[in-house]
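Me: I am new to this structure and would like to go through it in short questions. Please show it first.

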Amino acid sequence: MTATRVGLHGVPGRISLTVRDLRAVQDFYAVVLGWEYEPRPGDGAVQCSALAGGTVVGTLGTVSGSAGVPGAWTPHFLVDSADRIAGRVRDRGATVAVGPLRIGEGRAVWAADPAGAVFGLWEGPGDPVWRGEGGPGAPAWLELRTGDPFAAAMFYGNVFEWDAPDHGYVDIGFEHDRVVVRVEGRTVARMYGGGLEEAPDPILRPSWQVHFRVRDVDAAARVATAAGGSVPLPPHDTPFGRGATLRDPEGALFHLVSG
């Protein structure tokens with residue numbers, strides 16, 4: 001399945017994490033999320049696919065040289081043309097930091113929206129988990145913490161042309177103080193306020209956040225601490241289920257949700 005198939009342009013299609021010590025990070029997510037790994041082709045990079053229950057759920061890798069790729073989980077939105085959508089990003093007051101860059105079977109772009117939240121573009125095959133095929137250990141949805149979620153929704157909607165006649169598979173709503181993005185009826189992203197661009201704590205800065213499903217949030221948080229991670233926001237109840245905020249051994253933030 002490629003990004004040019006009807007129904008995929010402008011929607012989440014993969015997530016990636018760039019690390020310094022790939023083996024250590026692999027070991028951490030293996031015990032916390034139950035992941036297994038297989039090599040993934042990449043030009044100028046050592047990459048692997050992370051699998052949960054046999055389904056590809058993300059990409060981990062190290063990048064040679066100083067490519068400027070952020071050391072954090074980054075969501076990549078599927079696009080029909082990395083060049084064209086990168087131009088739309090620039091035209092709307094945002095920054096294209098890296099790319100388009102050939103990586104394995106596709107072309108990638110790393111960008112930052114007007115509030116500074118990092119996101120990616122991916123011209124290539126999307127991971128099947130974003131078509132609703134994920135269980136425990138897979139990403140459940142994305143959340144964007146930002147200063148103005150309505151302005152953010154306008155920015156991303158304009159960049160990805162969510163209101164185009166042939167993009168009727170994307171629906172935007174508002175629930176629990178969040179802008180909600182659904183694709184073919186499935187919630188794939190939420191946008192909410194409270195992001196502070198100059199905040200010293202990375203948790204408070206504008207950023208895209210990945211939420212992973214686990215059967216037991218409390219148990220997974222304990223395992224993460226024992227494996228060298230940390231839990232800046234301990235397990236707690238949310239409108240979407242039990243949740244927690246974690247850091248992996250290299251400091252990348254991610255979230256757990258029961259499911």
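Reply: One term is needed before the hairpin can be discussed: two strands pair if DSSP finds at least two bridges between them. The model shown is predicted.

Me: How many helices and strands does the protein chain have?

Reply: The protein chain has 259 residues, and 51% of them count as buried. Contacts with a separation of 6 or more are 60% made up of residues 24 or more positions apart. The secondary structure comes to four helices and 16 strands.

Me: How many residues lie between E6 and E7 in their hairpin?

Reply: Strand E6 covers residues 95-103 and strand E7 covers residues 106-112; the two pair in the antiparallel sense over six bridges. Within this pairing Arg102 stands opposite Arg107 in E7. In the turn, Gly104 has a positive phi of about 60 degrees. The number of residues between the two strands is two.

Me: Which residues does the cis peptide bond join, and what is its omega?

Reply: Most peptide bonds are trans. One partner in the cis bond, Pro100, is found in strand E6. The bond joins Gly99 and Pro100, and omega is about 5 degrees.

Me: What is the order of the eight strands in the open sheet?

Reply: The pairing in this sheet is mixed. Its edge strands are E10 (170-175) and E14, each of which pairs on one side only. From one strand to the next the twist averages 25 degrees. The order is E10-E11-E12-E9-E13-E16-E15-E14.

Me: Which residue in E12 stands opposite Leu142?

Reply: E9 and strand E12 (residues 186-192) run parallel and are joined by four bridges. Leu142 is opposite a residue in E12, and that residue is Ala189.

Me: At what angle to E12 does helix H3 run?

Reply: Helix H3 spans residues 149-160. It lies across E9, E10, strand E11 (178-183), E12 and E13. Its angle to E12 is about 130 degrees.

Me: Is Val180 buried or exposed?

Reply: Val180 has its place in strand E11. Leaving out residues up to four places away in sequence, it touches Asp171, Ile172, Gly173, Glu175, Thr187, Ala189 and Arg190. Val180 and Arg190 are ten residues apart in sequence but 4.5 Å apart in space, C-alpha to C-alpha. With a relative accessible area of 1%, against a cut-off of under 20%, Val180 is buried.

Me: Is Gly185 buried or exposed?

Reply: Gly185 lies in the loop between E11 and E12. Its C-alpha is 7.9 Å from that of Tyr169, and the two residues are 16 apart in sequence. The relative accessibility of Gly185 is 60%, and the cut-off is over 50%, so Gly185 counts as exposed.

Me: What are the phi values of His176 and Asp177?

Reply: Most residues other than glycine have a negative phi. His176 is found in the loop between E10 and E11, and Asp177 is found there too. His176 is partly exposed, with a relative accessible area of 46%, while Asp177 is exposed at 62%. Neither is a glycine, yet phi is positive in both: about 50 degrees for His176 and about 60 degrees for Asp177.

Me: Which residues does Gln26 touch, not counting residues up to four places away in sequence?

Reply: Gln26 lies in helix H1 (residues 22-33). At 8% relative accessibility, Gln26 counts as buried. The residues it touches are Tyr37, Cys48 and Leu60.

Me: Which strand gives the largest share of the lining of the second largest pocket?

Reply: The second largest pocket has a volume of about 280 Å³. The elements that give two or more residues to its lining are strands E9 (139-145), E13 (207-214), E14 (230-238), E15 (241-247) and E16 (253-258). The largest share is four residues, and the strand that gives it is E15.

Me: Which lining residues lie nearest the centre of the second largest pocket?

Reply: The lining has 20 residues. By class, nine are nonpolar, seven polar and four charged. Those nearest the centre are Glu143, His211, His236, Thr245 and His255.

Technical notes:
Residues are numbered from 1 along each chain as its sequence is written. This is a predicted model: local features need pLDDT of at least 70, side-chain atom pairs count only at pLDDT 80 or more; totals for chains, interfaces and linings use all residues. Side-chain values use heavy atoms; hydrogens and water are left out. On a 1 Å grid over the protein atoms alone, a cavity is a set of points where a 1.4 Å probe fits but cannot get out, and a pocket is an open set with protein on both sides within 12 Å along at least five of seven lines; lining residues have an atom within 4 Å of a point. Grid points are joined across faces, edges and corners, and a volume is the space filled by probe spheres set on the points. Ala, Val, Leu, Ile, Met, Phe, Trp, Tyr, Cys and Pro count as nonpolar, Asp, Glu, Lys and Arg as charged, and the others, Gly among them, as polar. Axes are lines fitted to C-alpha atoms, for helices over the stretch in contact, and angles run from 0 to 180 degrees between N-to-C directions. Contact means heavy atoms within 4.5 Å. Buried means under 20% relative accessible area, exposed over 50%, partly exposed in between (1.4 Å probe, protein chains only).
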